Structure formats: structure tokens, C-alpha cells
Amino acid sequence: MMPSPIEASHLPTILRNNEAFVHWLSPLDEEGLENLVNVSDYAQQLRDGEVCLFAYDGHGSYRHKNVDWLSKELASFLYIDRVIIGAKAQRQGLGKVLYDDVMQFAREQGFRTIACEVNTRPDNPGSHRFHLAQGFRPIGEEAYASGVAVRYYARHL
């Protein structure tokens with residue numbers, strides 16, 4: 001199974017799955033999702049949008065508090081912004097398929113590091129285990145006034 005670009009027909013599924021896991025993701029409406037697709041350097045999906053991953057140049061034009069934190073720590077990196085795996089698609093190795101693909105993309109684009117963050121409040125232990133198993137290492141943590149806290153991860157390619 002090979003990842004393919006996110007198309008308009010995938011958006012309803014992506015939005016539904018984002019809402020199901022919004023406690024670990026940030027809220028997203030159709031306009032925000034369309035913007036995310038447009039600003040991402042990598043926006044790929046599997047199974048008609050049941051599984052998707054968005055990533056972009058950490059020193060590019062898209063700014064976010066997590067990107068800003070990572071930009072202070074890393075010289076050049078591809079930032080994994082959002083990974084959404086629908087409940088029916090979990091524990092089938094599909095996240096690994098997308099991560100293998102985004103790492104290959106990052107190498108081809110000349111990035112030496114790929115980075116992301118995972119919630120520690122509310123905690124997402126499955127995602128922490130997944131990233132560690134994929135060779136990511138913790139590089140810092142941040143807590144925000146909203147009550148959310150994250151651990152930042154990076155993997156050198």
C-alpha cells in the first residue's frame with residue numbers, strides 16, 4: 001500500500017477522524033483542513049483518508065508555537081504537524097507506512113532531521129511508544145497555559 005495525495009473526497013473522513021481524537025489533536029474545520037493541505041510540503045493519505053499525515057519545512061512560512069519551539073533547537077527539519085489514524089485503521093502498521101514514506105520524502109528534500117510533538121497532558125502513551133520505536137528521541141517538553149503539555153521528539157535521518 002502506497003500513500004497518495006490528499007484530495008477533496010478525503011476531507012470529510014479526515015475531519016470526522018480528527019474530531020474523534022481532538023483531545024490529542026487540535027480542532028479542525030473544513031477551511032482549516034484545506035489550508036493545512038495547501039501549506040503542507042507533505043500531505044499524504046491511505047485508505048481514502050482513514051490515515052493521513054501532514055508535514056512541512058520547520059523554517060518555512062507556516063508558523064505555530066510548536067514549530068517556533070523546535071526552530072530554536074533544530075537548524076533544519078521537516079515538522080510532522082498532524083497524524084490522524086481512524087479507529088478502524090489503528091494497529092495495522094499504517095502509521096509506519098506513512099512515517100517510512102515521510103522520512104524518505106524528507107531525505108529527498110535534503111532535510112537531516114524530522115521532528116514532532118506528542119501530548120503529555122492529556123497523555124498519549126501509544127504515540128510516545130510509536131515514536132520511540134521509530135527512532136525518535138525526546139529533545140524537550142513544554143506546558144501551555146491552556147493546560148496542554150507536549151514532549152518534542154526528533155529523529156536524525
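Start this tour by selecting E142; its bridge partner in β7 is V150. The model is a predicted one, so keep that in mind at each stop.

**The β6–β7 hairpin**

Widen the selection to residues 137–143, which make up strand β6, and residues 149–156, which make up strand β7. The two strands pair in the antiparallel sense over 6 bridges. Together β6 and β7 form a hairpin, with 5 residues between them. In the turn, click on G147, where phi is positive, at about 100°.

**Helix α3 and its packing**

Next, select α3, residues 65–73. Which residues of α3 are buried? They are N66, V67, W69, L70 and S71. Show β3, β4, β5, β6 and β7 as well, since the buried residues of α3 pack against these strands.

Now pick L70 alone and display its surroundings. Leaving aside neighbours within four places in sequence, L70 is in contact with F77, Y79, A115, C116, I139 and Y152.

**Two nonpolar cores**

L70 also belongs to the largest nonpolar core, which has 22 residues. Select I6, F54, L70 and F77 to see the residues with the most contacts inside this core. Then colour the elements that give two or more residues to it: α1 (11–20), α2 (30–39), β3 (51–57), α3 (65–73), β4 (78–85) and β7.

Apart from this core lies another, of 20 residues. To find it, select F105, I114, C116 and Y153, which are among its members.

**The loop between β2 and β3**

Move to the loop between β2 (42–46) and β3, and select R47. D48 lies in this loop too. Most residues other than glycine have a negative phi. R47 departs from that sign, with phi near 55°, and the phi of D48 is likewise positive, near 55°.

Turn on the surface for these two residues. Is R47 buried, exposed or in between? R47 is partly exposed, with a relative accessible area of 37%. D48 is exposed, and its relative accessible area is 59%.

**A cis peptide bond**

For the last stop, select P122, in the loop between β5 (113–121) and α5 (125–133). Most peptide bonds are trans. The bond from R121 to P122 is cis, and its omega is near -5°. Show the backbone atoms of R121 and P122 to view this cis bond.

Definitions and conventions:
Residues are numbered from 1 along each chain as its sequence is written. This is a predicted model: local features need pLDDT of at least 70, side-chain atom pairs count only at pLDDT 80 or more; totals for chains, interfaces and linings use all residues. Side-chain values use heavy atoms; hydrogens and water are left out. Two strands pair if DSSP finds at least two bridges between them. Helices (H or I, at least four residues) and strands (E, at least two) are DSSP runs, numbered from the N terminus. A nonpolar core is a set of buried Ala, Val, Leu, Ile, Met, Phe, Trp, Tyr and Cys residues joined through side-chain atoms within 4.5 Å. Buried means under 20% relative accessible area, exposed over 50%, partly exposed in between (1.4 Å probe, protein chains only). Contact means heavy atoms within 4.5 Å.
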